[in-house]
Amino acid sequence: MTKVKGIAASSGIAIAKAYKLDMPDLTVSRDTVEDAAAEVAVYDAKVAETREEILTIKEAALKNLSEEEAAVFDAHLSILEDPELAGQVKDKINAENLNAAAALEDVANTFIAIFSSMEDAYFKERAADVKDVSTRLKANLLGKKLPNPALIKEEVVIIAEDLTPSDTAQLDKNLVKGFATNIGGRTSHSAILARSMEIPAVVATKVITEEVNNDDMIVLDGLTGDVLINPDEAVIEEYKAKAAEFAAYKAELKTLVDAETVSTDGHKVLLVANIGSPNDLAAVKENGAEGVGLFRTEFLYMENDELPSEESQFEVYKTILEGVDGPVVVRTLDIGGDKKLPALPMAEEMNPFLGVRAIRLCFEREDVFRVQLRALLRASVYGDLHIMFPMVATVQEFRRAKAIVDSVEAELKAEGVEVAKYELGIMIEIPAAAVLSDKLAKEVDFFSIGTNDLIQYTFAADRMSATIAYLYQPFNPSIIRLVRKTIESSHAEGKWTGMCGEMAGEPMAAPLLLGLGLDEFSMSATSILAQRKRIRALSYADCKVLANKCADECFTMDEVVETIKAETGISD
Ligand code: PEP
Ligand code: MG
């Protein structure tokens, strides 16, 4: 048995065979064949096989995407069966006795070159589609398996270098029991998605793709970050027992779905969910969230090659506001950094995380920002809307963003459109904003602390880097002081503070944040019930003393962690 350790990114135990999601070598030979007619028959058979695969992918995609979005697979089918393409491949096989894979590659390359050279964006896209389809067909002709999460037919643990958010979104959680990757961090987007889909995951193992072969038996422990490769029966049994224990614990949590989040001495806080799309609303309800504390709207922009229209955004915001019983905090576009947008090409920057990101980009592209704000304000009549700007660093930036909202509101009202009451707030994720929160609190309606970025910027440590992951220190006294300062600033002005970074859902953060007076905890829906159980067992008065002790007396994160463990018995 080999053991690989990574970062535990999504809890739970997975026991299944490995499925490696890496690209096989698709180099083709120029070998000729003796029987051209037989080779043409092979080609036809492989086209049929590929057709079935694309249909399977489409079906799987329909679980996560709309009919319209899944229509790209219909385009793939017509390319596959295009008589021009098939005709040229067959002519080549017959004329040159070339093997089918090489003939296909030649013809597909010509098609791709022609489409790529066209000015029209529609045809340029077709080039990408031809490449996609021909690669799939070529893999089948070579007898190689192209990895695709949607083609998985049995229970597996996925092993990959990394998973893109769209890879992750396509996973069928009934079959994909877990995944382990070489890179990533606890707050990388695939990790966040894994938690919201309740798929156990271990990331940042550095070596998992080297250590594992397809069909190896894998035990993945998303609670500790351990991945065991080909363990013996006794170890598997031990982990089966651990998995059953975990399932029983989860069943107990389900009894708290309708309970209030209140401390033993009567201090009430709000536990709300982070969401990425209307698909997450079911999990919001199932996990007893009292609202939405962060809707990451960038997923709306990332799933298409075109910017989402005002109308399509309006429908999404309306659906969410109508579907949630409680406050809904919608974050305006936060793109840049690790999140790129096909429809909004951006100049390469030396330090994208320190560059034109989030609200900064919205100032650069006020046209795009205004479309989002129009859709949001129009949807305000359907629920308790809170609009939140990401990455605000200065008071002037907030004023500038608010002025744009005011102008969009005036524009809508002039058109006779009704706009209901809403709140306007900012994320506190840049240290400058936390330090100046006393002034910002006079102008905003609320704060929400984005610890994922606040920690990255406070420690000057890239949140995507596995090597310096040790600097992800939510419990460092420096962070606790910034959080305390932010909460105190808001309360002094009669405003409220939430937290929507991953820290809000961490077990040991429960006593700390409760004690600091945090009003709203926003996290992956699947973390809510466990956090509710912890908070209901804590005394607010005791936690206040504990939190101040951690902020004022401790020197290191380890000391804070030890103090919390010693005084509450909570550990991670
Ligand atoms: C954060 O930075 O804490 C946050 C919630 O935003 P994101 O993770 O989307 O950057
Ligand atoms: Mg952020």
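Here are some questions and answers about this predicted model.

Me: Which residues donate to the magnesium ion (ligand 2)?
Reply: Look for protein atoms lying 2.0 to 2.2 Å from the ion. One is an OD atom and the other an OE atom. They belong to Asp453 and Glu429.

Me: How many residues apart in sequence are the parts that Glu429 and Asp453 tie together?
Reply: Glu429 sits in the loop between strand E13 (423–428) and helix H17 (431–435). Asp453, on the other hand, is in helix H19 (residues 451–458), so the pair links parts whose separation in sequence is 24 residues.

Me: Is Glu429 buried or exposed?
Reply: Buried means under 20% relative accessible area. Glu429 has just 1%. That makes Glu429 buried.

Me: What about Asp325, buried or exposed?
Reply: Asp325 is found in the loop between helix H13 (310–323) and strand E11 (327–331). Its relative accessibility is 75%, and the cut-off for exposed is over 50%. So Asp325 counts as exposed.

Me: What distance separates the C-alpha atoms of Asp325 and Glu290?
Reply: Along the chain, these two are 35 residues apart. In space, their C-alpha atoms are separated by 7.0 Å.

Me: Which residue stands opposite Ile229 of strand E8?
Reply: Strand E7 (residues 217–221) pairs with E8 in the antiparallel sense, over four bridges. The two form a hairpin with four residues between them, and Gly225 in that turn has a positive phi of about 90 degrees. Opposite Ile229 in E8 you'll find Ile218.

Me: And which residue stands opposite Leu228 in E8?
Reply: E8 is also joined to strand E1 (residues 2–5), by four bridges, and the two run antiparallel. Leu228 points one way from E8 along with Asp226, while Val227 and Ile229 point the other way. Opposite Leu228 stands Lys3.

Me: Around the axis of helix H3, how many degrees of arc do the buried residues cover?
Reply: H3 (residues 72–80) has Phe73, His76, Leu77, Ile79 and Leu80 as its buried residues. They're on the same side of H3, because the arc they cover is only 160 degrees.

Me: How far does helix H16 (residues 395–414) reach from its first C-alpha to its last?
Reply: H16 has 20 residues, and 28 Å is expected at 1.5 Å a residue. Its reach is close to that value, at 28 Å.

Me: Which residue with a positive phi follows H16?
Reply: Buried residues of H16 include Phe398, Ala401 and Leu412. Among the elements covering its buried residues are helix H15 (366–379) and strand E12 (384–389). After H16 comes a residue with phi near 85 degrees, and that's Gly416.

Note on methods: Residues numbered from 1 in each chain as written. Chains lettered and ligands numbered in written order. Predicted model: local features only at pLDDT ≥ 70, side-chain atom pairs only at ≥ 80, totals over all residues. Heavy atoms only, no water. Buried < 20%, exposed > 50% of the residue type's maximum accessible area, 1.4 Å probe, protein only. Pairing = 2+ DSSP bridges. Donors = N, O, S within 2.8 Å, 3.2 Å for Na, K, Ca; no water. Arc of directions from axis to C-beta. Expected span 1.5 Å × (residues − 1). Contact = heavy atoms within 4.5 Å.
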